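Open the model in your viewer and keep the selection tool at hand. The stops below go from one part of the chain to the next.

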Amino acid sequence: MTATCRLAAQAPGWTVTADVVVVGSGVAGLTTALRLRAAGLRVLVVTKAMLDDGSTRWAQGGIAAALGEGDTPEQHLADTLVAGAGVCDEEAVRVLVTEGPDAVRRLISTGAAFDQDDAGEILLTREGGHHRRRIAHAGGDATGAEISRALVAAVRADPQVEVIEHALVLDLLTDAEGRTAGLTLHVMGEGQRDGVGAAHARAVVLATGGMGQVYSATTNPAVSTGDGVALALRAGAEVTDLEFVQFHPTVLWLGADAQGQQPLISEAVRGEGAYLVDADEVRFMIGQHELAELAPRDIVAKGIMRRIRETGAEHMYLDGRHFGERMWEQRFPTILASCRSHGIDPVTQLIPVAPAAHYASGGVRTDLNGHTNVPGLYACGEVACTGVHGANRLASNSLLEGLVFAERIAADIVARDRADRLTPRPEAAPAATALAADAAGGTAGYRDVPRVPLLASEARAEIQRLMTGGVGVLRSAASMAEAARGLAALTAAHPGDGKGEAPQVETWEATNLHLVATALTSAAQLREETRGCHWREDFPDRDDAHWRVHVITRAGTDGLTTLPEEYRA
């Protein structure tokens, strides 16, 4: 597989070598790293912020698994398939739900402490789309933070796991045969390593999280700029179903002009009995779905948007006043503090909420062992599309997916290492010297690869404006065409002349966001139906006859190609 292009960047000024580079420090990345280390491989973890700042720490609700009495993987499978709206890969879902319970138990043995009852049994709650209580949580509403704490502690306890923090990955390195041979990265700040460098490795695992920053308002942190999807596209990997962006129904509404990361009001709040109302305190989800407020997220988000349009309001409300102060303090302390910090007291007041970009159900296309179509390149967690989520992720399946498929990736890499099927070690490879030149833009697959002109940092806000207005919760041919024109105009200033803005973090991020936004828009324009979290106003019905398919996007020398692939049941 040959890279189609790469970011304009300075030549690497330093190098580091490992067996495997893991990019990301959430549940997917750190679980992969720990399992690889247990097998004796040399692991380098690269993370964009601090080690404990991965996206996992923001997860409030919990992790779903069939752990409770009377629950079974088959029931979990059924709920997941319903939420996925006809385009889940059933085999992938079966892997998730059958391997999930034991994976959670191994996470507990790593040190994660979930909330328990007086008898020492794990407390389970219920969230949207689940017919059973199967959500394990920690610290009430701080599950992600607890999982992150446990995994970070385990990684830090192993001196053989090398960590590079504050590092933005740039592009994949390949050897003369097109196999993954590492990546280039830029370390932000000064220290033993700073600026652009090259990490040589026999395999690369992308666990970079989401791309929520493509929208003006999102629950994702500021670092979620789609870097993994963008790197994969430039490297020749396929991405799948990018149009399926989940908008979380209940994000704290901070005003019409609010931008950036927004406070999430977890699904678990509704799972414990809070309900949605309009300004007249009418429960508008009654009658829209058998589960009302606990319907799958796409249905609840659409219900909120419909009511907003019917009433002319800017937001709806979540009512949890009947919980009482004690329950808020014990079960949802993080959410209570967040609301109060913004002047809302859920104990006595309605919580203003509206949908905001939350999770990418699509991503870099993988098989059941995390392989992409680029040899030696793996993807795991939100950056990946395993087929588990289909058109709409079931609540609290994301942490489980990261956990289960991280273990599968590690097992696959270890097996390939033992069978001598990974890229040869750099120090043993005849092309070792060529790899260094490759990183500098010289040989082994990059000599003739064009550089992408970098966009100005100011383009980020314009991309977000275009995507929010044209490819948000509600979409149409007209709105998406306007977004596509705007995105194309941003690159018109540098029409393939190889020139652009100076290489720096802000321009690399803006350029990554632009590529991801363009791919997402192309996929959304192609899918002429409403399915899951893809809502077309001009095609309001689900169309299984024509669109029960995956949409595949590839990058080539002439730009992006987006085509449907026949769905294989």
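What covers the buried residues of H2? The model is a predicted one, so take each stop as a description of that prediction.

**Stop 1: helix H2**

Select residues 73–83, which make up helix H2. Colour His76, Leu77, Asp79, Thr80 and Ala83, which are buried. These residues lie on the same side of H2, because the arc they cover around the axis is only 165°. Now show strand S5 (63–64), helix H3 (90–110) and helix H10 (397–418): the cover over the buried residues of H2 includes these elements. Then step past the end of the helix to Ala85, which follows H2 and has a positive phi, near 60°.

**Stop 2: the four-stranded sheet**

Next, display the open sheet whose four strands come in the order S2-S11-S10-S9, with mixed pairing. At its edges are strand S2 (15–17) and strand S9 (167–174), each of which pairs on one side only. From one strand to the next, the twist averages 25°.

Select strand S10 (residues 180–187) together with strand S11 (residues 195–200). The two run antiparallel and are joined by six bridges. Two partners to label are His186, which bridges to Val196 in S11, and Leu183, which bridges to Ala199 in S11.

Turn to the pairing of S11 with S2. Here the sense is parallel, over three bridges. Label Thr15 and look across to S11, where Ala198 stands opposite. In general, strands of a sheet pair through backbone hydrogen bonds, either parallel or antiparallel.

Is S11 largely enclosed or open to the outside? Six of the six residues of S11 are buried, so the strand is largely enclosed by the rest of the structure. Add helix H14 (residues 505–526), which lies across S9, S10 and S11 and runs at about 65° to S9.

**Stop 3: Glu165**

Move to the loop between strand S8 (161–164) and S9, where Glu165 is found. Is Glu165 buried or partly exposed? With a relative accessible area of 25%, Glu165 is partly exposed, because buried requires a value under 20%.

Which residues does Glu165 touch, leaving aside those up to four places away in sequence? Select Thr47, Ala49, Met50, Leu51, Arg156 and Val187 to see these contacts. For a distance check, pick the C-alpha atoms of Glu165 and Met188: they are 8.4 Å apart in space, while the two residues are 23 residues apart in sequence.

**Stop 4: aromatic rings**

How many aromatic pairs are there? The count comes to four aromatic pairs. One of them is Phe323 with Phe332, a stacked pair with 6.2 Å centre to centre and 20° between the planes. Phe323 and Phe332 are both buried. Add Trp328 to the selection: ring pairs link Phe323, Trp328 and Phe332 into a cluster.

Finish with Tyr359 and Arg393. The charged end of Arg393 sits over the ring of Tyr359, at 4.1 Å from the ring centre.

Terms used
Residues are numbered from 1 along each chain as its sequence is written. This is a predicted model: local features need pLDDT of at least 70, side-chain atom pairs count only at pLDDT 80 or more; totals for chains, interfaces and linings use all residues. Side-chain values use heavy atoms; hydrogens and water are left out. Rings of Phe, Tyr and Trp (its six-membered ring) pair if their centres lie within 6.5 Å; planes under 30 degrees apart count as stacked, over 60 as edge-to-face and the rest as tilted. Buried means under 20% relative accessible area, exposed over 50%, partly exposed in between (1.4 Å probe, protein chains only). A charge sits over a ring if NZ of Lys or CZ of Arg is within 6 Å of the ring centre and within 35 degrees of the ring normal. Two strands pair if DSSP finds at least two bridges between them. Axes are lines fitted to C-alpha atoms, for helices over the stretch in contact, and angles run from 0 to 180 degrees between N-to-C directions. Contact means heavy atoms within 4.5 Å. The arc is that of the directions from the helix axis to the C-beta atoms.
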